[in-house]
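Let's take a walk through this model together, one feature at a time. Have the sequence and the 3D view open side by side as you read.

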Amino acid sequence: MGDKTIRINERIRVNAENIAAALENHMTTAFAPNARKELRLFSAGEAAELLGISASFLRKLHFENKIADVQTSPGGRRHYSATDLADIRQHLDGAAKTPGTYLRGRREGDNVQVLSFLNFKGGSGKTTSTIHTAQRLALKGYKILCVDIDPQASLTTLFGYRPEVDFLDTGTVYDAIRYDAPVPLASVIQTTFFQGIDLAPAGLVLQEFEHETPRALMDNIQPPFFTRMAAALSEVEADYDLILFDCPPQLGYLTMAALCASTGLFITVVPNMLDVASMSQFLQMSADLLDVVSNAGATMDYDFLRFLINRMEPNDGPQQQVVAFLRNLFNQEVMTNAMLKSTAISDAGLTHQTIYEVERGQFNRNTYDRAVDSLNGVNDEIESLIQSAWGR
């Protein structure tokens, strides 16, 4: 005989409890209990690359005592913290012929850049793209706010929080955009272990925004859903160069609110025909819904829209054909650089880490270097889009 009748609500609850306990156990063994994540130190080569100078010039700065000493290993190798990098960047910019050569963030008159990463399908690399972009640009000196608006809260988890414990009922971005007694966004923003990045966290409670908005629309509660996110961001935008949204994998009110607050959009796409077909429907639905909010008075002016190819396998023939199809269709709106599918990125994810957080020595060097080169290519292309939006 097969299984007895399953009461699906009970079965799912048992499964949920089991997996929560197993994940708790996994995180306790991966990290010490109650430990917050810490950002690693960077080698001299990594530091020079992030600062935009040569390794020999960095050595010269130390030799001439122009910059402070940093931690050295017993073998005499220098290791740089994020604070060290920030201090050196300040020194370099102070000595540069053109101010702003090394401090590339906002200047007088520049608008904050608000970037949304989205796609209809889960697994298209939205969260991975968001966090790697945030971390790369933070290491290059930008001040960044990450806003997690996915109730599944993967981005919040990657920053070392446990949303189901830390932000079960309160403390998420929902508190700042809800219809009933919203709080200032600043009161929910967390500083993270990663220097230069703050986080407005997510949690399951964000689902409430999807449930409450239809009633709010019927009751004509102001401001409407599509301006609430922008209004919340306007309170804190002076503190940041960039604001990055990690959107949920559906086109609900949260995603729409983020799109109405954005200045740039990255649509992540895995290059296979099923994903492209799904994206086609997603774009059609997006356009129809954005027409509605545009007619209701939402701002729709963007600096750029780009398709970001994700989980690319360079030796996969059918994938190459799909990429060629997309480039032919969307021309320069498809990013030149693609994010490679990499075991290094997946393996780092096992301990809730990113490729920028892990040590190179933990991986096959070629695999690690390929993943880093691919991510740096993507994120430096994103940086150039931001710089050109600022007219540089």
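**Salt bridges, helices and unusual backbone spots**

Arg104 is partly exposed, with a relative accessible area of 31%; here buried means under 20% relative accessible area, exposed over 50%, and partly exposed in between, using a 1.4 Å probe and protein chains only. Before we go on, please note that this is a predicted model, in which local features need pLDDT of at least 70 and side-chain atom pairs count only at pLDDT 80 or more, while totals for chains, interfaces and linings use all residues. Residues are numbered from 1 along each chain as its sequence is written, and side-chain values use heavy atoms, with hydrogens and water left out.

Which residue does Arg104 meet in a salt bridge? The partner is Glu383, at 2.8 Å from N to O; a salt bridge is a side-chain nitrogen of Lys or Arg within 4 Å of a carboxyl oxygen of Asp or Glu. This pair links distant parts of the chain, 279 residues apart: Glu383 sits in helix H15 (residues 365-389), and Arg104 in the loop between helix H4 (82-95) and strand S4 (113-118). Helices (H or I, at least four residues) and strands (E, at least two) are DSSP runs, numbered from the N terminus. Unlike partly exposed Arg104, Glu383 is buried, with a relative accessible area of 4%. Both residues also belong to a network of salt bridges that includes Glu49, Arg136, Lys140 and Asp380.

The structure holds 13 salt bridges, so let's visit two others. Lys60 pairs with Glu64, and their closest N and O atoms are 3.4 Å apart. Lys60 is partly exposed at 41% relative accessible area, and Glu64 is partly exposed at 34%. Arg178 forms a salt bridge with Asp175, where the closest N and O atoms are 3.4 Å apart. Asp175 counts as buried because its relative accessibility is 3%.

Now turn to a pair of helices. Two packed helices are described by the angle between their axes and the distance between the axes. H12 and helix H13 (residues 317-330) pack at an angle of about 30°, with their axes 10 Å apart. Axes are lines fitted to C-alpha atoms, for helices over the stretch in contact, and angles run from 0 to 180 degrees between N-to-C directions. H12 and H13 are therefore roughly parallel to each other, a label for angles under 35 degrees (over 145 is roughly antiparallel, 65 to 115 roughly perpendicular and the rest oblique).

Met273 lies in H12, which spans residues 273-295. Together with Phe325 and Leu329, Met273 makes a nonpolar surface patch of about 290 Å². Patches are made of residues with over 30% relative accessible area and no salt bridge, with like charges joined within 9 Å and nonpolar side chains (Val, Leu, Ile, Met, Phe, Trp, Tyr) within 5 Å. Met273 counts as partly exposed because its relative accessibility is 46%.

Finally, look at the backbone. Where is Pro223 found? Pro223 is in the loop between helix H9 (207-218) and helix H10 (225-234), and a cis peptide bond with omega of about -10° joins Gln222 to Pro223. Ala181 has a positive phi of about 50° although it is not a glycine, and its place is in the loop between helix H8 (174-177) and strand S6 (190-191). Asn331 also has a positive phi, near 50°, and is found in the loop between H13 and helix H14 (343-349).

Conventions
Areas by Shrake-Rupley, 256 points an atom, 1.4 Å probe, with all protein chains shown as cover.
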